[in-house]
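Dear colleague,

Please find the structure below, handed over for your own inspection. After it I set out what was found, beginning with one loop residue and moving on to the cores and a sheet.

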Amino acid sequence: MYIVIVGEEGGRAGELELALRDFGLDWTVCWLTGTGEALTIPADRRIDVFVSDMQVGRVQGAHLLEQVRSLHPEAARILLLDRGHGTDAMQALDVAHRFLRKPLDASELIEAVESVQELRDLLTNPTLVQTIGRVGSLPPPPTLYLELERLMQDPDVGAAEIATLISQDPAVVAKVLRLSNSAYFSAGRAITDMRTAVTRLGTRILQRLVLTSEALGNGAMPPAEREAMQERALRTSRLAGQLLSGPSAELAATAALLAEVGKLLPGVNRGGPDDTGPHYAEAGAYLLGLWGLPMPIVEAVAYHHRPGAVRMSGFWVPGAVHVACALVGGLAIDEEYLRATFQIERLPEWREKAEAIGAA
């Protein structure tokens, strides 16, 4: 495996090389200090993993990773974040597969690389690919959500522009007005126009409504069952977002919305006693990968039913989505995983949060 690391972390080369020997990994690591060296690596030189600082000279790490994506699309791309720069991760979701904290920790890098590789192996599993390939018509990508996401990247965009975009879909309009007039948000005053509804709900809640309406509104599932899944997704999303902080909370909230999207596909294992085929979590992750959603969300959906399979230290998005899905859906929680990530003592607190959300 060939790994390229660009930035100021070269002083940790010895630590990483020692860790690789301890793990018995025959990886080659190339340490570079500038973007020029990175972008002149021959296109026929396969790069398995590319790691970049948040800032390399005058070039932003996200911009460098975008160029690497074009030159070396096979490379798993990892961005290193300084403390206090977590919000920058949201701007790099389209180009970074993973985020790691600085200073670079050798064991965290190894776990991240192996996790990305396992996910790639999972999503190219022949059985899964064949199952999805036999589906006559896959649910379409959530185009309105993706357009809304792009629109909100512009700091000059206001509620009026967002309302105009949302108004293209009557089904979404109905859901937005319904939620904005609920007791939780309305404060007793009826909302009848989209611009006021957008202001009242806030952009994040609006995004989640659009995503559930688009992503979970298709398929041959009976209407009542689909409606129940959408409501469950919104509750799960809200809880998952409370289990983490910063950009990770938004990733968890979005991934939780999509945790059950694989159930819309025929031929998958939905957890029933007689079900066969690939698990709906892996099938859903494969679908999200086809849609082009960010890799951290794809990964969380793929592993939310078995978070211990993710090779990384600490409690992150797959774990938060797992806990939220279990508490909202009345499923078993992987307490061994929570003990391994030192989160088991927080379980009573999380149960109370889930009950409060259910009551609301």
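Gln343 sits in the loop that joins helix 18 (335–340) to helix 19 (347–359), where helices (H or I, at least four residues) and strands (E, at least two) are DSSP runs numbered from the N terminus. Gln343 is buried, at a relative accessible area of 14%; buried means under 20%, exposed over 50% and partly exposed in between, with a 1.4 Å probe and protein chains only. Leaving out residues up to four places away in sequence, Gln343 touches Phe315, Leu338 and Trp350, contact meaning heavy atoms within 4.5 Å.

Please bear in mind that this is a predicted model, in which local features need pLDDT of at least 70 and side-chain atom pairs count only at pLDDT 80 or more, while totals for chains, interfaces and linings use all residues. Residues are numbered from 1 along each chain as its sequence is written, and side-chain values use heavy atoms, without hydrogens and water.

The largest nonpolar core (buried Ala, Val, Leu, Ile, Met, Phe, Trp, Tyr and Cys residues joined through side-chain atoms within 4.5 Å) has 76 residues, of which Ile166, Val176, Leu258, Leu288 and Val317 touch the most other members. Helix 17 (residues 317–329) gives this core its largest share, eight residues. Apart from it lies another core, of 22 residues, including Leu32, Phe50, Val56 and Val95.

Finally, five strands form an open sheet in the order 2-1-3-6-7, with parallel pairing, pairing requiring at least two DSSP bridges between two strands. Its edge strands are strand 2 (28–32) and strand 7 (98–101), each pairing on one side only.

With best regards
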